[in-house]
Amino acid sequence: MKAYTFRIYPNKNQEVKLNKTLATCRHLYNDSIAKRKRESEFNRLKRDFQVFPWGKLEWIDYYSQKRELTATKTDIQKEVHSQVLQDVIKRVDRSFQNFFNGYGYPRFQGRNRYNTFTFPQSGFDINDMELTLSKIGSIRIFQHREIEGRIKTCTIKKDVDQWYAVFTVDIAKKKDKVPIKTKIGVDVGLESLLTLSNGEKIKPQKFYRKSEEALVWEQRKLSRKKKGSANRKKQIIKVGKVHRKIRKQRKDSNHKTSRGLVKTFDYIVFEDLQINNLVQNRHLAKSILDAGWGQIIRFTAYKAEYAGKTIELVDPYYTSQTCLCGYHVPKKLSVRVHICHQCGLTLNRDHVSAILIERKGTVPTDCGELTPVESMQKQLAEAGSPSIY
Ligand SMILES: [Zn+2]
């Protein structure tokens, strides 16, 4: 599945309809969640008291909510394409499935959070300069590149004051895996965004901090506006725009970085870091979000898939506390240089981690060429450094 995003330009009338559709979907979403919630509370009572008139447990599921939707459609809901509404029920179901799998309890969505609706199969048509949506009309679209493959779904997205159409496409053929002749380990960090096991560093672009002043300025202005006033609404849009700018810059940069990695290497090993493990220190958290490395790993993974390259996420356990010789070298996050008292290796700590990450990769390579780790081993040996293996 691949996604294409294009900006659309609804006229005033269409924008009203789009906003109405969003509102209808959001209300349906919240109502459906509320119903499930009530049902489960009711079930708990039945279970706790085991008393007569309430009978046995009943659960609301996707199908019953879908049936109910068809049977009790309101006039407002009839103004929305039926599949779009069904997709809302599916979203509700998905959020409960996630909950059953250990994620958070489904939340009610406010006006600013619920900003997309989806045509899962039909009800939309795209040609030349227009996107035709059932019950909404033909909207001007800026299609800056050709869509390859068969379009499956169309999602309409509101981003502050702009609208987008996102198409997911089924791509029939993926490239077969190419032989692995180059392998690299990648350490994601804060000092330098990415450190490769060949010693190369890819610097972070600190968009957030650059645009932070603008953001602070606009937010301060926002705090001075009176609640509920028209000026406050305008200012909220301004703040949203600054956020959007940062997000776009970061995305572009991450696309560039991941494209470079996939182009250069056949086999890329990342550490499988859970962001939550690191986001404890608040200051640190900001830098991590700033660097946006989760996005880089995602982008690299899907680009690699279509290029026939290999990606592996490995457990980063001890990759920051061990030497290449296997000796335990504990160090705090603030210590930037790795010094091993066993073998004498002195190297940037992120570089050591990247090499250890590369070594953890389990996919066999296809040729006798030296991996970065091996070539560095050779270099060190030639330079007369102590043996480190
Ligand atoms: Zn060592």
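This section describes the pockets, the cavity, the salt bridges, two backbone outliers and a surface patch of a predicted model.

The largest pocket has a volume of about 1000 Å³. Its lining comprises 26 residues, and those nearest the centre are Tyr4, Thr5, Lys157, Lys251 and His255. Five elements each contribute at least two residues to this lining, namely the strands β1 (2–9), β6 (150–159) and β7 (162–170) and the helices α6 (230–264) and α9 (293–307). Helix α6 provides the largest share, with seven residues. In terms of residue class, eleven of the lining residues are charged, eight are nonpolar and seven are polar.

For the second largest pocket, the volume is about 780 Å³. This pocket is lined by 18 residues, of which Arg111, Asn112, Lys158, Val160 and Ile236 are the closest to its centre. At least two residues of the lining come from each of α1, β6 and α6. Here the largest share belongs to α1, which supplies five residues. The lining divides into eight charged, six nonpolar and four polar residues. Strand β6 and helix α6 thus each supply at least two residues to the lining of the largest pocket and at least two to that of the second largest pocket.

One cavity of 30 Å³ or more was found in the whole structure. The space in this largest cavity amounts to about 30 Å³. Its lining is formed by Thr21, Glu79, Val80, His81, Val84, Phe117, Phe119, Ser134, Lys135 and Ile136. Five of these residues are nonpolar, three are polar and two are charged.

Lys135, one of the residues that line the cavity, has a positive phi of about 70° although it is not a glycine. Lys135 is located in the loop between β4 (130–133) and β5 (137–142). Its relative accessible area is 48%, so Lys135 is classed as partly exposed. A positive phi is also found at Val160, which is not a glycine either; the value there is about 55°. Val160 belongs to the loop between β6 and β7, and is among the residues closest to the centre of the second largest pocket. With a relative accessibility of 29%, Val160 is likewise partly exposed. For context, most residues other than glycine have a negative phi.

Eight salt bridges were found in the whole structure. In one of them, the side chains of Asp93 and Arg36 meet with an N to O distance of 2.9 Å. Because Asp93 lies in helix α4 (residues 82–100) and Arg36 in helix α1, this pair ties together parts that are 57 residues apart in sequence. Both Asp93 and Arg36 are buried, the limit for this class being under 20% relative accessible area.

A further salt bridge joins the side chains of Arg91 and Asp87, at 3.3 Å from N to O. Arg91 and Asp87 are four residues apart in helix α4, and so are separated by about one helical turn. Arg91 and Asp87 are both buried.

Asp161 and Lys241 also form a salt bridge, in which the closest N and O atoms are 3.4 Å apart. Asp161 is in the loop between β6 and β7 and Lys241 is in helix α6, so this salt bridge ties together parts that are 80 residues apart in sequence. The loop that holds Asp161 also holds Val160. Asp161 is partly exposed, at 32% relative accessibility, and Lys241 is partly exposed with a relative accessible area of 36%. Asp161 and Lys241 are linked with Arg244 in a network of salt bridges.

On the surface, Phe42, Leu45 and Phe49 make a nonpolar patch of about 270 Å². Phe42 lies in helix α1 (residues 12–49). The relative accessibility of Phe42 is 34%, so this residue counts as partly exposed. Helix α1, which carries Phe42, is also the source of the largest share of the lining of the second largest pocket and contains Arg36, the partner of Asp93 in a salt bridge.

Technical notes
Residues are numbered from 1 along each chain as its sequence is written. Side-chain values use heavy atoms; hydrogens and water are left out. Patches are made of residues with over 30% relative accessible area and no salt bridge: like charges are joined within 9 Å, nonpolar side chains (Val, Leu, Ile, Met, Phe, Trp, Tyr) within 5 Å. Accessible areas come from the Shrake-Rupley method with a 1.4 Å probe; for residues, only the protein chains shown count as cover. A salt bridge is a side-chain nitrogen of Lys or Arg within 4 Å of a carboxyl oxygen of Asp or Glu. Buried means under 20% relative accessible area, exposed over 50%, partly exposed in between (1.4 Å probe, protein chains only). On a 1 Å grid over the protein atoms alone, a cavity is a set of points where a 1.4 Å probe fits but cannot get out, and a pocket is an open set with protein on both sides within 12 Å along at least five of seven lines; lining residues have an atom within 4 Å of a point. Grid points are joined across faces, edges and corners, and a volume is the space filled by probe spheres set on the points. Ala, Val, Leu, Ile, Met, Phe, Trp, Tyr, Cys and Pro count as nonpolar, Asp, Glu, Lys and Arg as charged, and the others, Gly among them, as polar.
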